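Me: I should like to learn how to read the features of a protein model. May we go through them one at a time?

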Protein chains: 2
Amino acid sequence: MATTIRKATRAQSKQHNLRLVLKTIYTAGEISRADIARTTHLARATVSTAVAELIDDGLVEEVGQKPSNGGKPATLLSVIDRARCTIGVDLADGEFRGGIVDLRGRVRQQESVRVIEMPGDAALAVIYELIDDLLASATDPVLGIGVGAPGLIDMRNGVICHTVHQDWSGLPMRDLLQKRYELPIYIVNDSHAAALGEYTFGEGIDKSTRNLIVLRVGPGVSAGIVLGGKPYYGDGFGAGEIGHIRVVPGGDLCLCGHTGCLETVVSRRVLLARAQEIARRDPESKLHLFAGAPEDIDRTGIVIRALFAGDEAVRLIVEEMGEHLGWAVANLVGALNVQQIRVAGRMSCFDDALLRPMRQVMHESAHTVLVNDTEITLATLGADIVVQGVAALLLSHEMGLV
Amino acid sequence: MATTIRKATRAQSKQHNLRLVLKTIYTAGEISRADIARTTHLARATVSTAVAELIDDGLVEEVGQKPSNGGKPATLLSVIDRARCTIGVDLADGEFRGGIVDLRGRVRQQESVRVIEMPGDAALAVIYELIDDLLASATDPVLGIGVGAPGLIDMRNGVICHTVHQDWSGLPMRDLLQKRYELPIYIVNDSHAAALGEYTFGEGIDKSTRNLIVLRVGPGVSAGIVLGGKPYYGDGFGAGEIGHIRVVPGGDLCLCGHTGCLETVVSRRVLLARAQEIARRDPESKLHLFAGAPEDIDRTGIVIRALFAGDEAVRLIVEEMGEHLGWAVANLVGALNVQQIRVAGRMSCFDDALLRPMRQVMHESAHTVLVNDTEITLATLGADIVVQGVAALLLSHEMGLV
């Protein structure tokens, strides 16, 4: 019995050392065996054994010599970015998006399918097809599949519990995918994934950045929160579900059944409806440049183009949405005192027209000392932020890399 | 050099083992040396050495025999609750409160001073006197002094940066107290302390409780947040500063300089002003039972008594404040999905008259799935919650106990 335990411990410790060495090389970019030993406090021999195994596994390669100041020059090691890949899927309302992501978070291949008002079963078939295609074209070994979905996700059981836009209540997505693909599968809320993606692969994040909020504004509004360098999920995996906070007492009915939710004043649905109204009312509107008839205004991109063409009525809609978002950010800052807020999602393309009123209202709506140190900027990752985020989750859980 | 390092490591590891054994005994209540070894995976001999040292230090005692099923009965060990004490101070607006707290969070002695509109220097003299008195009457060895203060506290440097109610901008409280008392000193935001106190010593918190929000409603409104079993402070130690979130667009001017803050509709100041107005308007008001003239309504306690005497106008004020708080909680729940919300502070004495409208508005104002699993209850610690909270902080940092 004692021997078995000791053996298990030895295997665990070997596994731990392997991961530690791999992570050290990954983080350093290029590093010598001696420097790995110095950084990790592992014995030189342990490092050499681990490196040999990592090279054998095709994860690490020798990339050259470290300039030496006398003595034998040290060989530099580097993680092979394409040694493994992950399949990331973003089940956004309106468009399912998939990608093959390398170990540095780069999207090597991307595919997307427009999905409008599709019943749950048909949508599931689309997801299978998307993943089938990506797997078929993946040339590097696949670590696993990650799926980011809107709504409440039970990560522990891999179940999509509740989404406002799809009829997927209680869908055991992880089991379904695991059965079909026999690979590690992770299901996560899309905003949580986005925040982790930006935190892991985004620009301007350094070691001193422990906390980050990514506000996603697109079909709806929600926030992903990284605290202490880790995604914060909440007791029921529902942290950041701010789209259904009441902001307009006695306001419009929301899809969720309540009235006056943030999403009744900031969402793609509302944006398109208001843009259509402008187009109907004003024959001079720039919207007509990008859509034949008012009812053809069915994508955020059309409204974005009208804004940049100088449409004043569109600018006012965007400004109003920015004001609501600024107030939502004030609430997040009051609760969490997180100083870096980044905006992602399709509507982040409105750029300053959205961010300027956000900043202004945030400043008026929370404690001066808190907001003075808070920055609202655009996320540095683009449309693949969720795909890259689920990749980060896989790299973290499957390889301990990030 | 190598020897020095090894020695340091050995001393550290001894210190680590001592703390581990002490914490194990503290958590278990009563436990045998053999069970400590089983729990900690330390060698029996290491445990025995550590226990001997802890007994020598007067921290641990033998308290009896464990019933044996054959063989020599094992001796049970327990931490002596009064082996050490901490001095906790709560610098609430209106009343400074101090206490001597034992290792189980019990307040062994308590003292308080009413402090109304006192300049900063005089207030500091009152604090010194309060601590002098408590130290003079402490019979157990004092671990250190903890101070909970409203406003923004730079915990790293022990500085009170900013309070709305006192003119203490940039007061280096820790240095002042360290110089005077030569003891470990901790300065922390009072609501952060309250949350840690309730989490550590409150009832109904078990191992599965990782997250907790304590909402304090008294002179102002703020929240203390425990996430993953640890106090969450925020990037600038300002987490939970929700009293200055704008809730009434175009509302009244707040002490902070903004308009329509939560504290312009929920605070002691507003409560007293509105109660005085009722008393002036209505000669039948129950308030007259507890205050000679309307302007004598200068304590929350008078309004609480009028409520419980059945004053309907007072009930409506409290209900309205509860509604505002319910909405504030909805925002916290939307951001953090923390399922246990506890209400503390003087106004928590309004009990159901405050909590019922809070619950109702919370349910209408955030995502149904989130709020359905969220409970708003009264904090189980009473008026000493901050004093007990700073004691918990000391036990955590100085002894690794909680």
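**Cysteines, charges and cores**

Reply: Let us begin with a cysteine in this predicted model. A:Cys161 counts as partly exposed, because its relative accessibility is 31%, a value between the limits of 20% for buried and 50% for exposed.

Me: Which category does A:Cys349 fall into, buried, exposed or partly exposed?

Reply: A:Cys349 has a relative accessible area of 33% and is likewise partly exposed.

Me: How many disulfides are there over all chains?

Reply: A disulfide is a covalent bond that joins the sulfur atoms of two cysteines. Over all chains, the count is zero.

Me: Why does A:Cys161 not form such a bond?

Reply: The closest cysteine sulfur belongs to A:Cys256, and it lies 17 Å from the sulfur of A:Cys161, which is too far for a bond. The cut-off for a disulfide is 2.5 Å.

Me: How should I read a salt bridge, and how many are there over all chains?

Reply: Side chains of opposite charge can pair when their charged atoms come close. The count over all chains is 42 salt bridges. One of them joins A:Asp132 to A:Arg180, with the closest N and O atoms 2.6 Å apart. A:Asp132 belongs to helix α4 of chain A and A:Arg180 to helix α5 of chain A, so this pair ties together parts 48 residues apart in sequence. A:Asp132 is partly exposed at 29% relative accessibility, and A:Arg180 is partly exposed at 41%.

Me: What is the situation of the salt bridge between B:Asp190 and B:Arg216: are its residues buried or exposed?

Reply: Both B:Asp190 and B:Arg216 are buried. Their closest N and O atoms are 3.2 Å apart. The pair ties together parts that are 26 residues apart in sequence, because B:Asp190 lies in helix α6 of chain B and B:Arg216 in strand β11 of chain B.

Me: Which residues are joined into one network by salt bridges that share partners?

Reply: The network consists of A:Asp81, A:Asp102, A:Arg104, A:Arg106 and A:Arg108.

Me: Finally, which residues have the most contacts inside the largest nonpolar core?

Reply: They are A:Leu215 and B:Leu215, in a core of 116 residues. If neighbours within four places in sequence are left aside, the residues in contact with A:Leu215 include A:Val221, A:Ile242, A:Leu325 and A:Met358. There is also a second, separate core of 76 residues, and among its members are A:Val47, A:Ala194 and A:Leu395.

Terms used
Residues numbered from 1 in each chain as written. Chains lettered and ligands numbered in written order. Predicted model: local features only at pLDDT ≥ 70, side-chain atom pairs only at ≥ 80, totals over all residues. Heavy atoms only, no water. Core = buried A, V, L, I, M, F, W, Y, C linked by side-chain atoms within 4.5 Å. Buried < 20%, exposed > 50% of the residue type's maximum accessible area, 1.4 Å probe, protein only. Contact = heavy atoms within 4.5 Å. Salt bridge = Lys/Arg side-chain N within 4 Å of Asp/Glu carboxyl O. Helix = DSSP H or I, 4+ residues; strand = E, 2+ residues; numbered from the N terminus.
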